Amino acid sequence: EVLSEIFEVIDLDGNGLLSLEEYNFFELRTSGEKCDKDAWTVCKGNHQQNANMKSIDRDEHIKVLIIHPYEYGPENFDMRKNQLTRQGFMELNMMEATEKDGDPADLWVTLESMGYNRMLELVEVGCTQG
């Protein structure tokens, strides 16, 4: 439910999909870095591209997809029109906590960065400017 709320916040145009630019709003808030176009392509599940790519250090949660490109099926995360769906966003974030080398603490860092406490209550609203 909290990830769904976060999706609503970062879906700036309200179309039910996250563009790379909208996703980067989330990435900057939670990790301080942007997701580049190569990493976005990995999310789409382009297996030929995945097989040829090495590692993208700036996106730890996407790096797993590059190392194990075929583990997540024909499409790594649900996307439409080159944009991440709500389901794809939730899968991407849940992967951090549930996959073999994942760390549930990473999901807490994400939630806390978006203003939620350990009781999953929104306690901080607004964005900081850098």
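**Helices, salt bridges and turns of a predicted chain**

Student: What is the relative accessible area of Glu8?

Tutor: Glu8 counts as partly exposed, a class that lies between buried (under 20% relative accessible area) and exposed (over 50%), with a 1.4 Å probe and protein chains only. The model is predicted: local features need pLDDT of at least 70 and side-chain atom pairs pLDDT 80 or more, while totals for chains, interfaces and linings use all residues. Residues are numbered from 1 along each chain as its sequence is written, and side-chain values use heavy atoms, without hydrogens and water. For Glu8, the relative accessible area is 45%.

Student: With which residue does the side chain of Glu8 meet in a salt bridge?

Tutor: A salt bridge requires a side-chain nitrogen of Lys or Arg within 4 Å of a carboxyl oxygen of Asp or Glu. For Glu8, the N to O distance to the partner is 2.2 Å, and this partner is Arg86. The pair links distant parts of the chain, 78 residues apart: Glu8 belongs to helix 1 and its partner to helix 6. The partner is partly exposed at 27% relative accessibility, and its name is Arg86.

Student: How many helices and strands does the chain have?

Tutor: Helices (H or I, at least four residues) and strands (E, at least two) are DSSP runs numbered from the N terminus. Read along the sequence, they follow the pattern α-β-α-α-α-α-β-β-α-α. The secondary structure therefore comes to 7 helices and 3 strands.

Student: Which residues of helix 1 are buried?

Tutor: Helix 1 spans residues 2-10. Its buried residues pack against strand 1 (17-18), helix 2, strand 3 (83-85), helix 6 (86-98) and helix 7 (104-113). They are Val2, Leu3, Ser4, Ile6, Phe7 and Ile10.

Student: Which side chain makes a polar contact with the side chain of Glu5?

Tutor: Glu5 lies in helix 1 and is partly exposed at 33% relative accessibility. Its C-alpha is 9.8 Å from that of Leu122, although the two residues are 117 apart in sequence. A polar contact is a pair of N or O atoms within 3.5 Å, one able to donate a hydrogen and the other to accept it; residues adjacent in sequence count only if both atoms are side-chain atoms. At 2.6 Å, the side chain of Glu5 makes such a contact with Tyr116.

Student: How far from Glu22 is the nearest side chain of opposite charge?

Tutor: Glu22 is found in helix 2 (residues 20-31), and a polar atom of its side chain lies 2.9 Å from the backbone nitrogen of Leu12. Leaving aside residues up to four places away in sequence, Glu22 touches Ile10, Asp11, Leu12, Asp13, Leu17 and Gln83, where contact means heavy atoms within 4.5 Å. Lys and Arg count as positive and Asp and Glu as negative, with His and the chain ends not counted. Glu22 is buried yet has no salt bridge; the nearest opposite charge is on Arg86, at a distance of 11 Å.

Student: Which residue meets Glu124 in a salt bridge?

Tutor: The closest approach of this pair is 3.0 Å, N to O, and the partner of Glu124 is Arg29. Glu124 lies in the segment after helix 7 and its partner in helix 2, so the bridge ties together parts that are 95 residues apart in sequence. Glu124 is partly exposed at 39%, and the side chain that it meets belongs to Arg29.

Student: With which residue does Glu112 form a salt bridge?

Tutor: Glu112 counts as partly exposed at 34% relative accessibility. Its partner is exposed, with a relative accessible area of 53%. The closest N and O atoms are 2.7 Å apart, and the partner is Arg118.

Student: What value is phi of Lys81 near?

Tutor: Most residues other than glycine have a negative phi. Lys81, in the loop between strand 2 (79-80) and strand 3, is exposed with a relative accessible area of 73%. Its phi is positive, near 55°.

Student: What value is phi of Leu120 near?

Tutor: Leu120 lies in the segment after helix 7. It is partly exposed, with a relative accessible area of 41%. Leu120, a residue other than glycine, has a positive phi near 60°.

Student: Which residue caps the N-terminal end of helix 3?

Tutor: Helix 3 covers residues 37-44, with Ala39, Trp40, Thr41, Val42 and Cys43 buried. At its N-terminal end, the backbone nitrogen of Asp38 lies 3.2 Å from a side-chain oxygen of the capping residue, Asp36.
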